[in-house]
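Thanks, everyone. Let me put the model on the screen, and then we'll walk through it.

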Amino acid sequence: MALLTLLLGLFVFVLEPVEAETTQSTLDPLDLSFCHGGLEVIYPELDIDKCLMIPKNHKFREKISTVWKAPQIYFSGAEQGYSLEKGEMQGMTLTDYHPPTPPQKTGFHRYQFMLFEQPPHTKISLTEKESSRGKWDFQAFVERFKLGEPVAALQFLTQNFKD
């Protein structure tokens, strides 16, 4: 049975500023359709189990950017990777976690977590260019390792906490 690989690189895409605060219903239908498969991302005071905008209240936007470390990742649908089901990540880290840090006055940015099934006997690695966050071709990476579609995906939107 193939192993599951979680690409924890946070992929950033700029959106136009959104006025609404934080309910799932305020997200664009495309954003809502991205989330599937039961992936769960847990920060100390924030449990993300569906696509959402990070709320301003409780200083969540500031905490997610400056205080909280890497979140716990859970995937209840793990068939063989029981450690992933319990939120105990194992395996090789390709890049260290970097918190979301959207620049001021650039509106909301998407931060995405994708879980892929790793083909058997395939060693996943990054090129030197890919080791720099945001400066690589994600689709080429997926194709190079024949990862296919994500088993599960989750995203949140946030903006600079000072905005």
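Which residue does a disulfide join to C35? Before I answer, a reminder that this is a predicted model. The partner is C51, and the sulfurs sit 1.6 Å apart. Searching the whole structure turns up one disulfide. The link between C35 and C51 is right-handed, with 95° about the S-S bond. Now place the two ends. C35 is in the loop between α1, residues 29-34, and β2, while C51 is in the loop between β3 and β4, residues 52-53, so the pair ties together parts that are 16 residues apart in sequence. Both C35 and C51 are buried.

Next, the core. The largest nonpolar core has 25 residues. Which of them touch the most other members? They are L39, Y43, I48, I54 and F156. Seven elements? Let me just read them out: β2, β3, β4, α2, β5 at 72-75, β6 at 109-118, and β7 each give two or more residues to this core. β7 gives the most, with four residues. A separate core lies apart from this one. That other core has nine residues, including F116, F141, F145 and L147. As background, nonpolar side chains in soluble globular proteins tend to be buried together.

Let's zoom in on two members of the big core. Start with F156. F156 is in strand β7. Is F156 buried or exposed? Its relative accessibility is 0%, so F156 counts as buried. Leaving out neighbours within four places in sequence, F156 is in contact with Y43, I48, L52, I54, I64, P100, H109, R110, Y111 and F113. Look also at M53. F156 and M53 are 103 residues apart in sequence, yet their C-alphas are 5.5 Å apart in space.

Now Y43. With the same neighbours within four places set aside, Y43 is in contact with I48, I64, W68, K69, P71, Y97, F113 and F156. Put the two lists side by side. I48, I64 and F113 appear among the contacts of Y43, and I48, I64 and F113 appear among those of F156 too.

That brings in I64, and with it helix α2. The helix covers residues 60-67. Which of its residues are buried? F60, R61, K63, I64 and S65 are. What do those buried residues pack against? They pack against β2 at 39-43, β3 at 46-48 and β7 at 152-158. And α2 is also among the elements that give two or more residues to the largest core.

That's the tour. Over to you.

Technical notes:
Residues numbered from 1 in each chain as written. Predicted model: local features only at pLDDT ≥ 70, side-chain atom pairs only at ≥ 80, totals over all residues. Heavy atoms only, no water. Buried < 20%, exposed > 50% of the residue type's maximum accessible area, 1.4 Å probe, protein only. Contact = heavy atoms within 4.5 Å. Disulfide = S-S within 2.5 Å. Core = buried A, V, L, I, M, F, W, Y, C linked by side-chain atoms within 4.5 Å.
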